[in-house]
Amino acid sequence: GPLSTSGNEIVDSAGNAVEIRAVNWFGMETDVAAPHGLWARNWQDMMDQMKEEGFNAIRLPFSGELVATGGNPQGIDYSKNPDLAGLSGMEIMDKIVGYADAIDMKILLDHHRVDAGNGAESSGLWYNGEYSQQDWIDQWTELAERYAGNDAVIGADLHNEPHGQATWGDGGPTDWALAAETAGNAILEVNPDWLIVVEGIGDYQGDNYWWGGNLQGVADRPVVLSQDDKLVYSPHDYPASVYAQPWFFDGSDLSEVFSEHWGFIHEQGIAPILMGEFGSKLETDVDRAWADAIVRYLDGDYDLDGVSDLNPGASGMSWAWWSWNPNSGDTGGILNDDWTTVRQNAIDALDPLARVGRQITRFA
C-alpha cells in the first residue's frame, strides 16, 4: 500500500519501516525525452538488472517541458525496444511505471529541470520565463492524477537541486520552503498517497553546501504539509572529485559535516531522510573515504565509530545512488561504459546499505 512517515522512518500501510534503496536512471529530463541507454539495451532488461543488483526503486528524472509537451523521444534502438516505437516520452514513462509495478520496484518521480536539458536548472529555481511556478504545480498535479492509485509510484521529488537564487524561509518568490509547501499540498489534494520529497538549497545564511544539500533551514522553518505523515527531506551529497569542498582537506569530521547540513533531521527524529543523489567513480583515497563515511552515516552510525546509533529494529536512511548511467561524467555509474556489466567498486561500496540485516521492509 501507500507509504507514509512516522518520526524519522518511512513506513508501509501496515506501519512497518521501509528503506528505499534506489538508483537514478537519467535521460527523460534531457532533449532525448527517454532514459539513456536505450540505444544499447532493452529497457526491461535494464530494470530487471537493477532489481537483481539489489535496488528496490528508481529515482526517475524528468523535465517540466516533458510533461507540458509529451516529449519526442530520441536515441532509442527500436530493434532492441520494439514496444516503445511510436510512443511519446510520457507514454514511455507510463511503460516504466507499469513494469516497475510488475516486478515490485518503486518509482520516485524527480522534477529535474524546467526545460529539457542536461544537469540541474541553471538558475536553481523551479520556474523560468516560459514555465511559471503555477505551471510547475499544474505539471505535478497532472502527474499525481495520472498515477493515482498506482502503488509503484511512491512520490514526488519536487525539484532537483535548488540553488543560486533559491532561498529558504524569506517568504518571497524564490522561497523554496514556501514553494515546496504550496506544491506539496496541491499534489496531496489530488493524490493523498504520495510522499512529498523536499530537497535543500545550496546556500543558507552564508553557509554554502552542495546544491540541494543544505537543509539547515529546517531547524528554523520546517516545511509543513496538510498531511503530517508525507514529508521526506532529501539532500544531495558528493565527494571531492565533483568539487574540492574545504571540508575534505581541512581536517573536518565528515560525520559533523553531514549532521550540521542535513543529518540532524534524522538524528533528532524530525522527519525521514532520503539521500537523493550521492555517487563517485571511487578512484581516489579521498573519494573512497567519503563513500565509506556517508554509507556508514546513512546506515545509522552517526559518529562513525563503527557502532550503530539506531534503536534496535529502527531503520536507517533511504537513498538513491547517482547513477545507473555510466555516462555521468563526474561520477560514472553502476554500469560500465558497455551499458551491461556492473562497476564492482560501486556495488561493493553500497553493500552495507543493501544487505538485509535488520527486520526492515525493503520491497525485495
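## Basis of the description

Two strands are taken to pair if DSSP finds at least two bridges between them, and the strands (E, at least two residues) and helices (H or I, at least four) are themselves DSSP runs, numbered from the N terminus. The structure is a predicted model, in which local features need pLDDT of at least 70 and side-chain atom pairs count only at pLDDT 80 or more, while totals for chains, interfaces and linings use all residues. Residues are numbered from 1 along each chain as its sequence is written, and side-chain values use heavy atoms, with hydrogens and water left out.

## The two sheets

Three strands, in the order β1-β2-β3, make an open sheet with antiparallel pairing. Its edge strands, each paired on one side only, are β1 (4–6) and β3 (17–18). Three bridges hold the antiparallel pair of β1 and strand β2 (residues 9–11), and within β2 it is Ile-10 that stands opposite Thr-5.

A further open sheet consists of eight strands with parallel pairing, in the order β11-β8-β7-β6-β5-β4-β13-β12. Here the edge strands are β11 (231–233) and β12 (274–278), each pairing on one side only, and the twist from one strand to the next averages 25 degrees. Helix α3 (residues 89–102) packs on this sheet and touches β5 (57–63), β6 (106–113) and β7, its direction making about 150 degrees with that of β6; contact means heavy atoms within 4.5 Å, and angles run from 0 to 180 degrees between N-to-C directions, with axes fitted to C-alpha atoms, for helices over the stretch in contact. Strand β7 (residues 153–157) runs parallel to strand β8 (residues 195–198) and is joined to β8 by three bridges, with Ile-196 in β8 as the bridge partner of Ala-156.

## Helices α4 and α5

Helix α4 (residues 133–146) and helix α5 (residues 176–190) have axes that come within 9 Å and cross at roughly 35 degrees. The crossing of α4 and α5 is right-handed, that is, the near helix is turned clockwise from the far one by less than a right angle. On the α4 side the contact includes Trp-136, Ile-137 and Trp-140, and on the α5 side Ala-179, Ala-183 and Ile-187 are among the residues met. The residues of this contact divide into 10 nonpolar, three polar and one charged, where Ala, Val, Leu, Ile, Met, Phe, Trp, Tyr, Cys and Pro count as nonpolar, Asp, Glu, Lys and Arg as charged, and the others, Gly among them, as polar.

## Cavities and the largest pocket

On a 1 Å grid over the protein atoms alone, a cavity is a set of points where a 1.4 Å probe fits but cannot get out, whereas a pocket is an open set with protein on both sides within 12 Å along at least five of seven lines; lining residues have an atom within 4 Å of a point. Grid points are joined across faces, edges and corners, and a volume is the space filled by probe spheres set on the points.

The structure holds three cavities of 30 Å³ or more, and the largest cavity contains about 90 Å³ of space. Its lining has 14 residues, with Pro-2, Asp-151, Val-153, Ile-154 and Asp-193 nearest its centre. The second largest cavity, of about 40 Å³, is lined by residues including Ile-10, Val-18 and His-266. The largest pocket has about 510 Å³ of space and 22 lining residues, of which Gly-119, Ala-120, Glu-161, Glu-277 and Asp-330 lie nearest its centre; by class, this lining has seven nonpolar, 11 polar and four charged residues.
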